[in-house]
Protein chains: 2
Amino acid sequence: MGATIHDVAKRAGVSIATVSRAINNNYPVKAETREKIEKAIEELGYVPNEIARSLILKTTSSVGILVPGITNLFFPTIVEEINRTLVNNGFTMSLYSTDGNPIMEKNVIDNIISRNMDGIIAIDPSMENLDNGYFKDLSKKIPIIIINGNTNKYKGNFICYDEEVGSIEALQYLFKLGHRKIVFVRGDRSLSYDLKENLYRQFVKSNNLKYEKIISVGMGNSLEVVEKTREIFEKFLHSKENATAVFACNDLMAVGVINACKNAQIQIPQDISVIGCDNTLLSNIIHPKLTTIDLKMDEIGRKAAVEIIDMIEKKSIVNKKIVYDTKLVIRDSCGEKK
Amino acid sequence: MGATIHDVAKRAGVSIATVSRAINNNYPVKAETREKIEKAIEELGYVPNEIARSLILKTTSSVGILVPGITNLFFPTIVEEINRTLVNNGFTMSLYSTDGNPIMEKNVIDNIISRNMDGIIAIDPSMENLDNGYFKDLSKKIPIIIINGNTNKYKGNFICYDEEVGSIEALQYLFKLGHRKIVFVRGDRSLSYDLKENLYRQFVKSNNLKYEKIISVGMGNSLEVVEKTREIFEKFLHSKENATAVFACNDLMAVGVINACKNAQIQIPQDISVIGCDNTLLSNIIHPKLTTIDLKMDEIGRKAAVEIIDMIEKKSIVNKKIVYDTKLVIRDSCGEKK
DNA sequence: CAAACAATAGTAAACGTTTTCTATTCATAG
DNA sequence: CTATGAATAGAAAACGTTTACTATTGTTTG
């Protein structure tokens, strides 16, 4: 099949050691010899076997990326930036989808380790494995960076988006526009939703708003979330509670709300203002363009890649937590209360 | 660092060969011995080194997936299905983004080969490498399946979506609804756009329509495509040509058209009907839901994975072309001409 | 009771590299 | 001339597995 270093050595009339040195450029090789070797490599179409190399070198120049799901609109941006940064630094990325399942997560990580990968980036990993210390133990064995919302609960290498900043900014923005009846839309159990709900409740209380309304739309894949939200919010609209603004926990829910309004002939932002969260691709694509909270996924992706490369190259496993503020991005889905 | 088979052997008081046999279950091992070995494995937290295994076995149970770009809405569905199928069969997936760049494509493939991966699935690879025979040569070295639009130009293992079927269906659908002034919206150079444009022209001619209008919106990432299309189509709307339907070459362009109409206070589907192509997530999410051509990306993804696994396991590199028909999915963006 | 065989387990080679150690050549200095 | 050292290149061990070959038991059979 493919030529090996032995074939190259034979053809060039030198030893395999010399071929190796010529390829890796880490020991002196006579120019003349080098030429013969390069010629042989060219003729044989030789490509070094990375598997054999990494067996000795104990490095594969590759990083495993864990995501809960591939179709989640949340991830393309961050994964793309991770990939770009890794590739630019001579690394390769293997993408693993865990379905948010803690067991799957462990299997996947076993696989990553047994393949001698150099590091792991886990995006929004399961609470279970965070809580039971699995990731903490793991971080002693292999460089790992975890990307998720900000909490003080865990130690280790985390890159976090602090949703608090952006969420408060969003609520204040709505307030400033004159909105006093703000609906909060969330999904099932998730740290991120709980955090935001607390902020919402506090906000209602501290501003002495008389109106508080929390709608939960369950969970599911992207489509399901949009549809369920639309359905539930349509019902809500029929209740005539006359809320004037909606704070949705992510862009998909915000879109669900927008679609419900369209069906009910309610105009956005004239009649109802809507704020989403995540600043996914979607928020720029739909009409009206969505005012949303930017998680800075691109920056975070780049940073995660840079940090993991740093840990790999320095062989130092430090514990570091880097927090990115989130920021409200104002587009066209909010307006002044009439 | 991690325990090796030698450590296990020592601890269990047997030879490494016996440990290997116990793990792989391919030779008889006494129950008693097996127990000792399993105990040692457990105690040491031993995980076999896949790198060492694959050096001998020449297989890594992994498949490299090539995509032009990660943020393309076209891919999540297909990649997810590929991944699911591979994982269910004990394989692992490495995702590589090539930016549609032929050189990058070659580099990536060198990397895949040098890592002893067992196969390749290339989604919409570059025309250059298809034309210059690179993929054909490659297919002699490693199992590879190429997913793209249907053309008779290439030989090898292809899984294709035949856009012709769905495109004609779409045009006929618009015709049946009474539309005679149909605008065709496309992007820059791509086989797929050319194919559709030809079909459109033929359709106009054979139905003796007096109206033919082709709009090209250039190229770019998802957002750029939506925005450019919106911009260009808004201008078109001002031209007062009074077209009543739009056939867009993909969902992003269709959304651009829809957004343009919304800005111009033109209602969909009452005033203008719009058809997209690809049946991406987006088409179900936007409002009104988009009537579009389904490329059956989920089926294709599954099939590609099944076929590559088959080739890998049978070690037979056959040449096979599987064509999937595309199909119009009718949702809410088209209506009868008033 | 010797011969044959099944069941089990050990030895060592192999996979394709990198790198330490060693050997050779050649130029320079004493 | 011999001694020294730099430049270059080869031999062989090592990485962690799998497996062909061999060795040891114990059991059956003629």
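**Helix packing, chain pairing and DNA contacts in a predicted model**

In chain A of this predicted model, helix α11(A) meets helix α12(A) through A:Ser222, A:Val225, A:Val226, A:Glu227, A:Thr229, A:Arg230, A:Phe233, A:Glu234 and A:Leu237 on the α11(A) side, and through A:Leu252, A:Met253, A:Val255, A:Gly256, A:Val257, A:Asn259, A:Ala260 and A:Asn263 on the α12(A) side. By class, this contact between α11(A) and α12(A) comprises nine nonpolar, five polar and three charged residues. Two packed helices are described by the angle between their axes and the distance between the axes. For α11(A) and α12(A), the axes come within 7 Å and cross at roughly 45°, which makes α11(A) oblique to α12(A). The crossing in which α11(A) passes α12(A) is right-handed.

A second helix pair in chain A can be read in the same way. Helix α1 (residues 5–12) of chain A packs against helix α3 (residues 31–44) of chain A at an angle of about 125°, and their axes are 9 Å apart. The two helices, α1(A) and α3(A), are therefore oblique to each other. As α1(A) passes α3(A), the crossing is right-handed. From α1(A), the residues A:Asp7, A:Val8, A:Arg11 and A:Ala12 take part, and they meet A:Lys36, A:Ile37, A:Ala40, A:Ile41, A:Glu43 and A:Leu44 in α3(A). This contact of α1(A) with α3(A) holds six nonpolar and four charged residues, with no polar ones.

Attention now turns to how the two protein chains are related. A turn of 180°, with a shift of 0.0 Å along the axis, lays chain A on chain B with an RMSD of 0.0 Å. That is the relation of a two-fold axis. The same surface serves both copies, since 100% of the contact residues of chain A recur in chain B. Within chain A, the residue that comes closest to the rotation axis is A:Ser94, whose C-alpha lies at 2.1 Å.

How many residues of each chain are in contact with the other chain? In chain A, 38 residues are in contact with 38 residues of chain B. On the side of chain A that touches chain B, two or more residues come from each of α4, α5 (75–88), β2 (92–97), α6 (102–114), α11 (222–238), α12 (251–263) and α13 (281–285) of chain A. That side of chain A is made up of 18 nonpolar, 15 polar and five charged residues.

One place where the chains meet is the pair formed by α4(A) and α4(B), whose axes come within 9 Å and cross at roughly 140°. The crossing of α4(A) and α4(B) is left-handed. On the α4(A) side the contact is made by A:Ile51, A:Ala52, A:Ser54 and A:Leu55, and on the α4(B) side by B:Ile51, B:Ala52, B:Ser54 and B:Leu55. Among the residues of this contact of α4(A) with α4(B), six are nonpolar, two are polar and none is charged.

The model also contains DNA, with residues of both protein chains around each strand. DNA strand C is surrounded by 27 residues, of which A:Ile5, A:Ala17, A:Ser20, B:Ala17 and B:Pro28 are the closest. At least two residues of the surface near DNA strand C are supplied by each of α2 and α4 of chain A and α2 and α4 of chain B. The largest share of this surface near DNA strand C, six residues, belongs to α2(A). By class, the residues near DNA strand C are 16 nonpolar, eight polar and three charged.

Around DNA strand D there are 27 residues, and A:Ser15, A:Pro28, B:Ile5, B:Ala17 and B:Ser20 come nearest. The elements giving two or more residues to the surface near DNA strand D are α2 (16–24) and α4 (50–57) of chain A, along with α2 (16–24) and α4 (50–57) of chain B. Here α2(B) gives the largest share of the surface, six residues. The surface near DNA strand D has 16 nonpolar, eight polar and three charged residues.

A few details of the backbone complete the picture. Most residues other than glycine have a negative phi, and most peptide bonds are trans. A:Asn116, which is not a glycine, has a positive phi of about 55°, and A:Asn116 is placed in the loop between α6 and β3 (119–123) of chain A. The peptide bond from A:His287 to A:Pro288 is cis, with omega near -5°, and A:Pro288 sits in the loop between α13 and β10 (291–294) of chain A. In chain B, B:His287 and B:Pro288 are joined by a cis peptide bond with omega of about 0°, and B:Pro288 is found in the loop between α13 (281–285) and β10 (291–294) of chain B.

Notes
Residues are numbered from 1 along each chain as its sequence is written. Chains are lettered from A and ligands numbered from 1 in the order in which they are written. This is a predicted model: local features need pLDDT of at least 70, side-chain atom pairs count only at pLDDT 80 or more; totals for chains, interfaces and linings use all residues. A residue is near a molecule or strand if its C-beta atom, placed from the backbone, lies within 6 Å of it. Helices (H or I, at least four residues) and strands (E, at least two) are DSSP runs, numbered from the N terminus. Ala, Val, Leu, Ile, Met, Phe, Trp, Tyr, Cys and Pro count as nonpolar, Asp, Glu, Lys and Arg as charged, and the others, Gly among them, as polar. Copies are superposed by least squares on the C-alpha atoms of residues with pLDDT of at least 70 in both. Two residues are in contact if their C-beta atoms, placed from the backbone, lie within 7 Å. Axes are lines fitted to C-alpha atoms, for helices over the stretch in contact, and angles run from 0 to 180 degrees between N-to-C directions. Angles under 35 degrees count as roughly parallel, over 145 as roughly antiparallel, 65 to 115 as roughly perpendicular and the rest as oblique. A crossing is left-handed if the near helix is turned anticlockwise from the far one by less than a right angle, and right-handed if clockwise.
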